Amino acid sequence: MLRHEGRLRAFLSRVAGEGADDLAQEAFVRAWQRAGEYRGQGSYAAWLAGIGWRLFLDQRRTARRREALAAGEDEPGSTDPRPASDAAIAAMERVVDAYP
């Protein structure tokens, strides 16, 4: 698992910025906890990057909800799971495509 650490952190740094180290650590914890779910149909690195990507999306949705509630909105902002920008999507696709 540790051989994927640098690539995962680099990917998460591009999409998440400062929170990348925490996301990477959580991704490794989740991968360890769910190791039995990896089916070997794709590369392990891509599976790990997917875990990190979903954690990033979850973190961003949670932050948006908190901001909306803090602003006094009755309904939090959009909970649309799609990334906010095409650049984020492109970054994810490049990283996943780079893995064997």
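Biologist: Which helix does Arg61 lie in?
Modeller: This is a predicted model, where local features need pLDDT of at least 70, side-chain atom pairs count only at pLDDT 80 or more, and totals for chains, interfaces and linings use all residues. Residues are numbered from 1 along each chain as its sequence is written, and side-chain values use heavy atoms, with hydrogens and water left out. Helices are DSSP runs of H or I with at least four residues, numbered from the N terminus. Arg61 lies in helix α3.

Biologist: Is Arg61 buried or exposed?
Modeller: Buried means under 20% relative accessible area, exposed means over 50%, and partly exposed is in between (1.4 Å probe, protein chains only). Arg61 has a relative accessible area of 19%, so Arg61 is buried.

Biologist: And which side chain does the side chain of Arg61 make a polar contact with?
Modeller: A polar contact is a pair of N or O atoms within 3.5 Å; within protein, one must be able to donate a hydrogen and the other to accept it, and residues adjacent in sequence count only if both atoms are side-chain atoms. Here the distance is 2.5 Å, and the partner of Arg61 is the side chain of Asp58.

Biologist: What about Arg30 in helix α2, which residues does Arg30 touch, not counting those up to four places away in sequence?
Modeller: Arg30 counts as partly exposed, at 26% relative accessibility. Arg30 and Ile51 are 21 residues apart in sequence, yet 7.6 Å apart in space, C-alpha to C-alpha. With contact meaning heavy atoms within 4.5 Å, Arg30 touches Ile51 and Leu55.

Biologist: How do α3 and α4 run, roughly parallel or roughly antiparallel?
Modeller: Their axes come within 10 Å and cross at roughly 160 degrees. Axes are lines fitted to C-alpha atoms, for helices over the stretch in contact, with angles from 0 to 180 degrees between N-to-C directions. Angles under 35 degrees count as roughly parallel, over 145 as roughly antiparallel, 65 to 115 as roughly perpendicular and the rest as oblique. So α3 and α4 are roughly antiparallel.

Biologist: Which helix gives the largest share of the largest nonpolar core?
Modeller: A nonpolar core is a set of buried Ala, Val, Leu, Ile, Met, Phe, Trp, Tyr and Cys residues joined through side-chain atoms within 4.5 Å. This one has 24 residues, and Leu8, Phe11, Leu12, Val15 and Trp53 touch the most other members. Helices α1, α2, α3 and α4 each supply at least two residues. The largest share, 9 residues, comes from α3.
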